[in-house]
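Grab a viewer and work through a few exercises on this fold. Try each task yourself before reading the solution below it.

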Amino acid sequence: MIIRKLNDKDYPAVLKLYEALDKLHADARPDCCCNREVAYPKDAYDEVTAHPDCLMLGAFNEAGTILGTVRATLWEDSGMVKGIRNVCLDNIYVRPACRRMGIAGKLFREVEAWAREKGAVRLELHVWDFNQDAMALYKAMDMTPQRYVLEKKL
């Protein structure tokens, strides 16, 4: 498996993964998630892949097929505390047929190493409660709860 930064040529394959990610969320939580017309607009993708404080990686097999992707962003301020460098893992997605092969873990560890290089003191992420597989992965990567977002449907 090859893990590398994503580039302009990778966009069509990455878009397919983001469409699957949108579907996962929309199927599980149609009350607050939907399948967007374009799951990841090209201009947003270009901005992230070019930005020095953003990291987008892909995991590829030897044939060059993308198996998974991750996106992370360095935050200079936490919103409540100035001067804290955090990295937010925005999205990690592995094709269903390629799960449980260590791909997500490798992508996660690459983000973790990048976060350390950037001087971050913490790696953060948000995960939906329905996504128990992702929560198990993050727990295995030594992530611990920081806060909870609760809801009451009306």
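What follows is a set of exercises on a predicted model, each with a worked solution.

**Exercise 1. Work out the strand order of the sheet and which strands stand at its edges.**

Step 1: Lay out the strands. The sheet is open, has five strands in the order 1-2-3-4-5, and its pairing is mixed.

Step 2: Look for strands with a single partner. Those are strand 1 (2-5) and strand 5 (122-125), so one side of each has no neighbour in the sheet.

Step 3: Check the twist. Ignoring direction, neighbouring strands here are turned by 25° against each other on average.

**Exercise 2. Trace the pairing from strand 1 through to strand 4, and find out how many bridges join each pair.**

Step 1: Start with strand 1 and strand 2. They run antiparallel and share four bridges; Ile2, for instance, has Phe60 in strand 2 as its bridge partner.

Step 2: Move on to strand 2 and strand 3, which are antiparallel too, with seven bridges between them. Here Gly58 is bridged to Thr69 in strand 3.

Step 3: Hop across once more. Strand 3 and strand 4 are joined by eight bridges, again antiparallel, and Thr69 sits opposite Tyr93 in strand 4.

Step 4: Have a look at the turn. The hairpin of strand 2 and strand 3 has five residues between the strands, and Gly64 in it adopts a positive phi near 90°.

**Exercise 3. Which residues of strand 2 point which way, and are they buried or exposed?**

Step 1: Sort by direction. Cys54, Met56, Gly58 and Phe60 point one way, while Leu55, Leu57 and Ala59 point the other way.

Step 2: Check the burial on both faces. Residues on either side are buried, giving seven out of seven for this strand.

**Exercise 4. Describe helix 1 and find what its buried residues pack against.**

Step 1: Get the span. Helix 1 covers residues 11-28, which makes 18 residues, and reaches 26 Å from first C-alpha to last, close to the 26 Å expected at 1.5 Å a residue.

Step 2: List the buried positions: Tyr11, Val14, Leu15, Leu17, Tyr18, Leu21, Asp22, His25 and Ala26. Keep in mind that an α-helix has 3.6 residues a turn, so residues three or four places apart point the same way.

Step 3: Find the partners. The buried residues pack against helix 2 (42-50), strand 2 (54-60), strand 3 (66-75) and strand 4 (86-94).

Step 4: Add the angle. The direction of helix 1 makes about 80° with that of strand 3.

**Exercise 5. Why is there no bond between the sulfurs of Cys54 and Cys88?**

Step 1: Run the distance check. The closest cysteine sulfur to that of Cys54 belongs to Cys88 and lies 10 Å away, so it's too far for a bond. The cut-off to compare with is 2.5 Å.

Step 2: Widen the search. Across the whole structure, zero disulfides turn up.

Step 3: Look at accessibility. Cys54 is buried, at 16% relative accessible area, and Cys98 is buried at 13%.

**Exercise 6. Where does Thr73 sit, and which residues does it touch?**

Step 1: Place the residue. Thr73 belongs to strand 3.

Step 2: Classify its exposure. Thr73 has 17% relative accessibility; buried means under 20%, so Thr73 counts as buried.

Step 3: Collect the neighbours. Leaving out residues up to four places away in sequence, Thr73 touches Asp53, Cys54, Asn86, Val87, Cys88, Asp90 and Trp114.

Step 4: Pick out the polar contact. The side chains of Thr73 and Asp90 are joined by one of 2.8 Å.

Note on methods. Residues are numbered from 1 along each chain as its sequence is written. This is a predicted model: local features need pLDDT of at least 70, side-chain atom pairs count only at pLDDT 80 or more; totals for chains, interfaces and linings use all residues. Side-chain values use heavy atoms; hydrogens and water are left out. Helices (H or I, at least four residues) and strands (E, at least two) are DSSP runs, numbered from the N terminus. The expected span of a helix is 1.5 Å times one less than its number of residues. Buried means under 20% relative accessible area, exposed over 50%, partly exposed in between (1.4 Å probe, protein chains only). Contact means heavy atoms within 4.5 Å. Two strands pair if DSSP finds at least two bridges between them. Axes are lines fitted to C-alpha atoms, for helices over the stretch in contact, and angles run from 0 to 180 degrees between N-to-C directions. A polar contact is a pair of N or O atoms within 3.5 Å; within protein, one must be able to donate a hydrogen and the other to accept it, and residues adjacent in sequence count only if both atoms are side-chain atoms.
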